[in-house]
Amino acid sequence: MLKASSKAISTFSLLIFSAVIIGWLIDYMAYTLALVLFVWSVIQIHQMRKLKIWLAQELVIDPPIASGEWGEVFDHLYRIRKLRRTRESELLDQINRFQQFSAALTDAVVILDHQYNMQWWNRAGEELLGLKYQSDQDMPLFNILRDPNFIRYCHRGEYSEPLLQKSPHNSSIELQYTLTEFGESEKLLVARDISDITRLEQTRQDFVANASHELRTPLTVIRGYLETFLDQGNLPAPLQKAMQQMQQQSDRMQSLIVDLLLLSRLDSTEVIVDDSPVNISSIIMSSLESAEHAADGKKHDISVDLAENIGLTGKEKELHSAFTNLIYNALRYTQDGGTINIQWLCNDAGGCFSITDNGPGISSIHLDRITERFYRVDDDRSTESGGSGLGLAIVKNVLSRHQGYLEVESILGQGSTFRCHFPLDTLVEL
Ligand code: ADP
């Protein structure tokens, strides 16, 4: 363009110079100069009109024929327009592909701004969440998803675990919500239909619950007879030993059934936000008392430090089972004479129940898995202690129903610490 304009200046200068010479020769310098300037201006105005008409065209058609500098200007503008059109159509292609891809997604995807207003969603968002562009665009997400648990999940800022809830649009659809932050505090909400998996899981839970329930009655009869025979006390020595072993094993089976029934109840009942305050200190003391009775004569050096005036909102029975499991484990797995420290403390971060022992400890390779059902670090150790393998699974489940989580620290050969953390807003003053 710069080349074209300098060329135009030199052509114009040459024209003026020629007009001056010719005008001087014929003695009509002013007229000649005026005529040349007039013709020059008419040509420029004509080219400009052609340019204006051509630029107004929607389609990128070939530029008007022009020579010299105007030709170069037209060519240059033509190239720019063509490049822009190519980029536009590439961008349009990408948008179309993205729309096709998002429409093919079976998961609902919703883009939210930093105030949780819904900016965009795909077709599955309409089907699974019932969103409508006319009425819901730019509206707060919480107009649609009003459940307090969901709102709490969004404001928590920690989204590593998904949230399971029914669809607000169709209660027969079970959804798994995942929130991810991107850009400037914007969020991406993904809702996946897990109704089939939930149904399958329900069948499994029902089977476990029914089987455990059905086993309970025959086992009660067997335990009753065993107790009667052993109480009579006049059995021959080998039979007496066999009966005692049968009684031990039937006791184990009984505690296994109790734990299975408890777990299936925890799995199948919905988390209900309960406002009744639970006195954690008294739960801990009663669990400790019953654990000490069951400690097979082992004596431990136990210290207890409790914030007695602080309780927790939740389900007393569930919290009792969780703490009892942890206290039983500490007493069961720690050798006679070992030390155990129990604490229930609160600070600005929330409440924490912790139990530390100097028992055998757990190798780090097992730590990630010990809350799985029936996961045993060491089969011999558990068989000896009569554990069901479900205790820590119950603890984890109960804590998550109370918005808490379990933290385990352990060094093999030195001991373990189990901490149950609860958020600040679940604590109450007693
Ligand atoms: P169990 O009924 O077998 O004790 P749990 O789920 O309560 O099942 O515990 C899982 C495993 O974690 C146990 O088998 C045991 O090996 C280990 N464990 C739990 N608590 C302790 C502890 N305080 N010290 C050492 N090991 C422990």
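What does the protein chain average in pLDDT, and what share of the residues score at least 70? The average is 90, and 96% of the residues score at least 70. This is a predicted model, so I will start with where the confidence sits. Among the elements of the chain, strand S10 has the highest mean pLDDT, at 97. Helix H12, residues 379–385, has the lowest, at 62.

Let me begin with helix H9. H9 covers residues 280–293, which makes 14 residues. At 1.5 Å a residue, a helix of that length should span 20 Å, and the end C-alpha atoms of H9 are 20 Å apart, so the two agree.

Which residues of H9 are buried? They are Ile 280, Ser 281, Ile 283, Ile 284, Ser 287, Leu 288 and Ala 291. Around the axis they cover an arc of only 155°, and therefore they sit on the same side of H9. On the face turned away from that buried side, the helix carries the exposed residues Glu 289 and His 293.

What covers the buried residues of H9? The cover includes strands S6 (277–278), S7 (301–306) and S8 (310–313). It also includes helix H10 (316–333), strand S9 (339–347) and strand S10 (350–357). S10 is the element I gave earlier as having the highest mean pLDDT.

One detail at the start of H9. A side-chain oxygen of Asn 279 comes to within 3.2 Å of the backbone nitrogen of Ser 281. Ser 281 is also one of the buried residues of this helix.

Next, helix H10, and one residue in it, Asn 329. Is Asn 329 buried or exposed? Its relative accessibility is 12%, so it counts as buried; the cut-off for buried is under 20%. The side chain of Asn 329 makes a polar contact of 2.6 Å with the side chain of Arg 332. Leaving out residues up to four places away in sequence, Asn 329 touches Thr 334 and Leu 392. Leu 392 belongs to the range of helix H13, which is residues 391–401.

Now helix H3, residues 68–104. H3 has 37 residues, and from its first C-alpha to its last it reaches 54 Å. The expected figure at 1.5 Å a residue is 54 Å, and the helix is close to that. The buried residues in H3 are Glu 69, Trp 70, Gly 71, Val 73, Phe 74, Tyr 78, Arg 81 and Ser 102.

On to the salt bridges. How many are there? The count comes to 13. I will go through three of them and one network.

The pair Glu 201 and Arg 204 has its closest N and O atoms 2.6 Å apart. Both residues lie in helix H7, residues 195–232, and they are 3 residues apart, about one turn of the helix. Glu 201 has a relative accessible area of 34%, which makes it partly exposed. Arg 204, at 35%, is partly exposed as well.

Arg 223 and Asp 251 form another salt bridge, with the closest N and O atoms 2.9 Å apart. Arg 223 is in H7 and Asp 251 is in helix H8, residues 237–268, so this pair ties together parts that are 28 residues apart in sequence. Arg 223 is partly exposed at 26% relative accessibility. Asp 251 is partly exposed too, with a relative accessible area of 34%.

The third is Arg 369 with Glu 372, where the closest N and O atoms are 2.9 Å apart. Arg 369 counts as partly exposed at 40% relative accessibility, and Glu 372 is partly exposed at 34%. As for the network, salt bridges with shared partners join Arg 84, Arg 85 and Glu 88.

Last, two backbone points. Phe 374 is not a glycine, yet it has a positive phi of about 65°. Phe 374 sits in the loop between helix H11 (364–367) and H12, and H12 is the element with the lowest mean pLDDT. The relative accessibility of Phe 374 is 44%, so it counts as partly exposed.

The other residue is Gln 403, where phi is near 60°, again a positive value in a residue other than glycine. Where does Gln 403 lie? It lies in the loop between helix H13 and strand S11, which is residues 405–411. Gln 403 is partly exposed, at 30% relative accessibility.

Key:
Residues are numbered from 1 along each chain as its sequence is written. This is a predicted model: local features need pLDDT of at least 70, side-chain atom pairs count only at pLDDT 80 or more; totals for chains, interfaces and linings use all residues. Side-chain values use heavy atoms; hydrogens and water are left out. Helices (H or I, at least four residues) and strands (E, at least two) are DSSP runs, numbered from the N terminus. The expected span of a helix is 1.5 Å times one less than its number of residues. Buried means under 20% relative accessible area, exposed over 50%, partly exposed in between (1.4 Å probe, protein chains only). The arc is that of the directions from the helix axis to the C-beta atoms. Contact means heavy atoms within 4.5 Å. A polar contact is a pair of N or O atoms within 3.5 Å; within protein, one must be able to donate a hydrogen and the other to accept it, and residues adjacent in sequence count only if both atoms are side-chain atoms. pLDDT is the predictor's confidence in each residue, from 0 to 100. A salt bridge is a side-chain nitrogen of Lys or Arg within 4 Å of a carboxyl oxygen of Asp or Glu.
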